[in-house]
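Here is a short set of exercises to work through with the model open beside you. Try each task before you read its solution.

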Amino acid sequence: MGLKMEGKISLELTNCRAKGGSSGFKVAILGAAGGIGQPLSMFMKMNPLVSVLHLYDVANTPGVTSDISHMDTGAVVRGFLGPQQLENALTGMDLVIIPAGVPRKPGMTRDDLFNINAGIVKTLCEGIAKCCPNAIVNIISNPVNSTVPIAAEVFKKAGTYDPKKLLGVTMLDVVRANTFVAEVLGLDPREVDVPVVGGHAGITILPLLSQINPPCSFTSEEAAYLTSRIQNGGTEVVEAKAGVGSATLSMAYAAVKFADACLRGLRGDADVIKCAFVPSVVTELPFFASKVRLGRNGIEEIYALGPLNESERAGLKMAKKELAVSIEKGILFATK
Ligand SMILES: NC(=O)c1ccc[n+]([C@@H]2O[C@H](COP(=O)([O-])OP(=O)(O)OC[C@H]3O[C@@H](n4cnc5c(N)ncnc54)[C@H](O)[C@@H]3O)[C@@H](O)[C@H]2O)c1
Ligand SMILES: O=C(O)C[C@H](O)C(=O)O
């Protein structure tokens, strides 16, 4: 058999020869052809811990897959289009990342996305429960404060729920906080680590400026400016994009930072610690974002909040009130 078939290279033959890194993890991205999905897929193709990369979407996956598959890195890339291919996309995966769903336009809250995105996340999680129940799941789709509880309920119903493996991605809040704090302090953002706890929407995003590494202090004006800018970072991008979407590039960067941490944990690396919105007993709420240690089983340890200053305590009270409503909304949707 020749390489050319009617002017096209035989895909069957090239697939026979395809070789990925001999070891590594299998990762699926659901919503891979979207604004976040495309750069995230590219970054994950560059990640040496990934041996197989499955790209799933309801539109445009063939083009994105063909494009990304030409990158000369180790991971083997396969594309999957539409619900009939979801199960094949998910079977055997170690990590599933979900950026599927609609983004905000100016004037909308993340909760305004609930009506569309709740159903999308529910269906995708039903597929995960069926085809890769042991996978780590990273949920990016908004509103994260509700979509993570939805995922938990789907897994509970299927009998596959492992709270150590379900993580809402709040890494972009940390990435923004590091950037904005470094600007104020005149530091390199790579040297700054700001814990951001609570959730992922407005006042539920609670940066702990009193616990920054390296230790630093702010005037009350600086603290108010930083807290507000971190809480409204998403809206800042939505308004700048003026109707064509929300953060995609910085989100893909944050998502790959977080996914890489999950994979390093799975590999057995020590001291992999990141903030995430997870099933939690840190507060009285069933889900809460705080620092977690990632390991071979997913979340190995969830850290307590530590000492908060007066304004952080006030922020926490307000954040918990809003979070309780969003969490309940997700649970009700998935159990009705
Ligand atoms: N967690 C965070 O920090 C964070 C940051 C930015 C954006 N987001 C959220 O991520 C989501 C995606 O944002 P985006 O800018 O990439 O949007 P986008 O519209 O550019 O891309 C979304 C993709 O999802 C796909 N999709 C829709 N329904 C699907 C389904 N049932 N199965 C699989 N794929 C499906 C679409 O075809 C599209 O390719 C939004 O909900 C947005 O609010 C979260
Ligand atoms: O703001 C949005 O709607 C998207 C995302 O949650 C963000 O924080 O950028």
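**Exercise 1. The two domains**

Into which domains is the protein chain divided? Find how they meet in this predicted model.

*Solution.*
- Step 1: Start with the bounds. Domain 1 covers 25–169, and domain 2 covers 170–335.
- Step 2: Place them relative to each other. Taken over C-alpha atoms, the centres of domain 1 and domain 2 are separated by 21 Å.
- Step 3: Count the contacts. On one side 43 residues of domain 1 take part, and they touch 42 residues of domain 2.
- Step 4: Ask which elements of domain 1 form its side. Those giving two or more residues are helix 2, strand 6 (95–98), helix 5, strand 7 (136–139), helix 6 (144–158) and strand 8 (166–168). Helix 6 gives the largest share, 10 residues.
- Step 5: Look at the chemistry. The side of domain 1 that touches domain 2 has 27 nonpolar, seven polar and nine charged residues.

**Exercise 2. Comparing with the record**

Which residues does UniProt list for the N-terminal and C-terminal domains of "Lactate/malate dehydrogenase"? Describe each span.

*Solution.*
- Step 1: Read the N-terminal annotation. An unreviewed UniProt entry lists residues 26–168 for "domain: Lactate/malate dehydrogenase N-terminal".
- Step 2: Describe this span. Residues 26–168 are 39% helix and 21% strand, and their end C-alpha atoms lie 19 Å apart.
- Step 3: Do the same for the C-terminal annotation. For "domain: Lactate/malate dehydrogenase C-terminal", the unreviewed UniProt entry lists residues 170–331. Here the helix content is 48% and the strand content 17%, with 20 Å between the end C-alpha atoms.

**Exercise 3. The faces of a helix**

Which residues of helix 3 (residues 61–69) are buried, and what covers them?

*Solution.*
- Step 1: List the buried positions, which are Thr61, Val64, Thr65 and Ile68.
- Step 2: Look down the axis. The buried residues of helix 3 fall within an arc of 100°, so they line one face of the helix.
- Step 3: Connect this with helix geometry. An α-helix has 3.6 residues a turn, so residues three or four places apart point the same way.
- Step 4: Turn to the other side of helix 3, where Gly63 and Ser66 are exposed.
- Step 5: Find the cover. Helix 2 (37–45), strand 4 (50–57) and strand 5 (76–81) are among what covers the buried residues of helix 3.

**Exercise 4. Two ligand shells**

Where do ligand 1 and ligand 2 lie with respect to the domains? Work out what surrounds each one.

*Solution.*
- Step 1: Take ligand 1. It has 32 residues around it, of which Gly31, Gly34, Gly35, Ala100 and Asn142 come nearest.
- Step 2: Sort the shell of ligand 1, which has 18 nonpolar, 12 polar and two charged residues. Helix 5 (residues 114–131) gives the most to this shell, with three residues.
- Step 3: Take ligand 2. The residues around it include Pro103, Arg104, Arg110, Asn142 and Leu172. Helix 9 supplies the largest share of this shell, four residues.
- Step 4: Sort the shell of ligand 2, where five residues are nonpolar, four polar and two charged.
- Step 5: Place the ligands. Domain 1 and domain 2 both give residues to the shell around ligand 1, so ligand 1 lies between them. Both domains also contribute to the shell around ligand 2, so ligand 2 lies between them too.

**Exercise 5. Backbone exceptions**

Which peptide bonds to Pro143 and Pro214 are cis or trans, and what is phi at Asn60 and Ala242?

*Solution.*
- Step 1: Recall the background. Most residues other than glycine have a negative phi, and most peptide bonds are trans.
- Step 2: Check the prolines. The bond from Asn142 to Pro143 is cis, with omega near -5°, and Pro143 sits in the loop between strand 7 and helix 6. The bond joining Asn213 and Pro214 is cis, with omega about 0°; Pro214 is in the loop between strand 10 (205–207) and helix 8 (220–231).
- Step 3: Check phi. Asn60 has a positive phi near 65° and lies in the loop between strand 4 and helix 3. Ala242 has a positive phi near 50°, in the loop between helix 9 (233–241) and helix 10 (249–267).
- Step 4: Judge exposure. With 16 other C-beta atoms within 10 Å, Asn60 is partly exposed. Ala242 has 9 and is exposed, the cut-off for exposed being 12 or fewer.

Terms used. Residues are numbered from 1 along each chain as its sequence is written. Chains are lettered from A and ligands numbered from 1 in the order in which they are written. This is a predicted model: local features need pLDDT of at least 70, side-chain atom pairs count only at pLDDT 80 or more; totals for chains, interfaces and linings use all residues. UniProt positions are given in the numbering used here, feature names are shortened, and annotations may be inferred rather than shown by experiment. A residue is buried if 20 or more other C-beta atoms lie within 10 Å of its own, exposed if 12 or fewer, and partly exposed in between; C-beta atoms are placed from the backbone. The arc is that of the directions from the helix axis to the C-beta atoms. Two residues are in contact if their C-beta atoms, placed from the backbone, lie within 7 Å. A residue is near a molecule or strand if its C-beta atom, placed from the backbone, lies within 6 Å of it. Ala, Val, Leu, Ile, Met, Phe, Trp, Tyr, Cys and Pro count as nonpolar, Asp, Glu, Lys and Arg as charged, and the others, Gly among them, as polar. Domain bounds come from an automatic or database domain assignment.
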